[in-house]
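You asked for a quick read-through before you dig in yourself. Here are my notes, point by point, starting with a contact that caught my eye.

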Amino acid sequence: MLVDSFGRTIDYMRISVTQRCNFRCLYCMPNIPMDIGSEEDDVPLEGVLNFIKVAINEGVKKIRITGGEPLLRKGIVDFIAQIYQLSPSIDIALTTNAYLLAPLAKSLKEAGLKRINISLDSLKKEKIQCISKRDGLEKILQGIESAKKEGFLIKLNMVPLKTINEDEVIDILEYGINLGIGVRFIEFMENMHARSGIDGLRAKEILEKIEKKYSFKLLQKDVFGPATLFEIMQNQESYIFGIIAPHNDDFCKTCNRIRLSSEGKLIPCLYHENAIDIKEAMLYGDSQEILKRLKLCVEKKPEKNDWNENQTSMRAFYKTGG
């Protein structure tokens, strides 16, 4: 079992399998060429599995596969199947922009994937193109439909940006309500890789937009993540949405995760710049060294993030999975 210096059990790993992405979202990597890098820049999936074996042996119960865009990684379905074979009880999740999801949904389900988080920042074709530099709305919606058909547990993630898509907070919420899929609104996290000049809505502003049409009540923290949950009651039916607010460190006291970047670095906290290089140990399958560095990462996990209103992160979120 992995327990940090503040008594938190670390049983959740977010694993970035590639820094490559087929979108160039304003809040993430808008000025980076579409032909960024190659698969050779990412740790081989066999090496990542070496890490995962050790993590599972140390009590990890949930693994989320992220990117960049993880569905760009060759062999991703077989990789997920291998994780499942290591431990069928592992809760395997995936975060994706859904552009490539529709034709892969059935295979991913059969491989053992249980949950999918899908980025959906707009329901308007021109706004998706503006935000992501990709004419992708049709494929995104097809991906959502395919995932729902296969019976995945799905969450939709929206980053509301002022003057860009802030007018669609209710639209995205109602899209989720109509499909019976949860929505998570995520505060924009200031970082040096985002387009300059963009500004996101804070949690209070998001709630103000929602309360213009819906009454809701505060519930609890999301047991599977850092979201604060709210319940809307309509026609005696309950719908739950969430807000992830990194500018508030309330969720830090129950944080149960660390991250592995696509470069092979262990990251104890997304909002701190420190990281521990584990690539060589993963490549050679050195279980003792992997465990040593994993425990060091857990030991170095800070009590809370150091995010504030005036801070801009140097971290490239597309390498760490956000």
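1. Start with glutamate 231 and serine 238: their side chains make a polar contact at 2.5 Å. Keep in mind that this is a predicted model, here and in everything below. Glutamate 231 sits in strand 8, which covers residues 228–234.

2. Is glutamate 231 buried or exposed? Its relative accessible area is 13%, so it counts as buried, the cut-off being under 20%. As for its surroundings, leaving out residues up to four places away in sequence, glutamate 231 touches Ser215, Phe216, Lys217, Leu219, Ser238, Tyr239 and Ile240. Serine 238, the partner in the polar contact, shows up in that list too.

3. Now the charged pairs. How many salt bridges are there? The count comes to 15. One of them joins the side chains of aspartate 135 and lysine 125, with N to O at 3.7 Å. This pair links distant parts of the chain: lysine 125 belongs to helix 4 (125–132), while aspartate 135 is in the loop between helix 4 and helix 5 (137–149), and the two are 10 residues apart. Both ends are partly exposed, aspartate 135 with a relative accessible area of 41% and lysine 125 with 46%.

4. Next, look at helix 7 (residues 203–211), where lysine 204 and glutamate 208 are 4 residues apart, so about one helical turn separates them. They form a salt bridge, and the closest N and O atoms are 2.6 Å apart. Lysine 204 has 60% relative accessibility and counts as exposed. Glutamate 208, at 32%, is partly exposed.

5. Helix 9 (residues 287–299) holds another pair with a spacing of 4 residues, about one turn of the helix: arginine 293 and glutamate 289. Their salt bridge has its closest N and O atoms 2.7 Å apart. Both residues are partly exposed, with 29% relative accessibility for arginine 293 and 22% for glutamate 289. Elsewhere, Lys124, Lys127, Asp167 and Glu168 are joined into one network by salt bridges that share partners.

6. On to the nonpolar side. In soluble globular proteins, nonpolar side chains tend to be buried together. Here the largest nonpolar core has 96 residues, and Met13, Phe51, Phe79, Phe185 and Phe241 have the most contacts inside it. Helix 1 (residues 45–57) gives the most to this core, contributing 8 residues.

7. Which residues does phenylalanine 51 contact? Apart from neighbours within four places in sequence, they are Met13, Ile15, Leu260, Leu266, Ile278, Met282, Ile290 and Leu294. Met13 is worth picking out, as it is also among the residues with the most contacts inside the core.

8. Finally, the whole protein. Its secondary structure comes to 10 helices and 12 strands. The C-alpha trace spans about 55 × 40 × 40 Å along its principal axes. A compact globule of 322 residues would have a radius of gyration near 20 Å, and the 19 Å found here agrees with that.

9. Two more whole-protein figures to take away. Of the 322 residues, 57% count as buried, and about 14400 Å² is exposed, with carbon and sulfur atoms supplying 48% of that area. Among contacts between residues at least 6 apart in sequence, 72% join residues at least 24 apart.

Definitions and conventions
Residues numbered from 1 in each chain as written. Predicted model: local features only at pLDDT ≥ 70, side-chain atom pairs only at ≥ 80, totals over all residues. Heavy atoms only, no water. Core = buried A, V, L, I, M, F, W, Y, C linked by side-chain atoms within 4.5 Å. Buried < 20%, exposed > 50% of the residue type's maximum accessible area, 1.4 Å probe, protein only. Contact = heavy atoms within 4.5 Å. Salt bridge = Lys/Arg side-chain N within 4 Å of Asp/Glu carboxyl O. Polar contact = N/O pair within 3.5 Å; in protein donor to acceptor, adjacent residues only side chain to side chain. Rg over C-alpha atoms; globule rule 2.2 N^0.38 Å. Areas by Shrake-Rupley, 256 points an atom, 1.4 Å probe, with all protein chains shown as cover.
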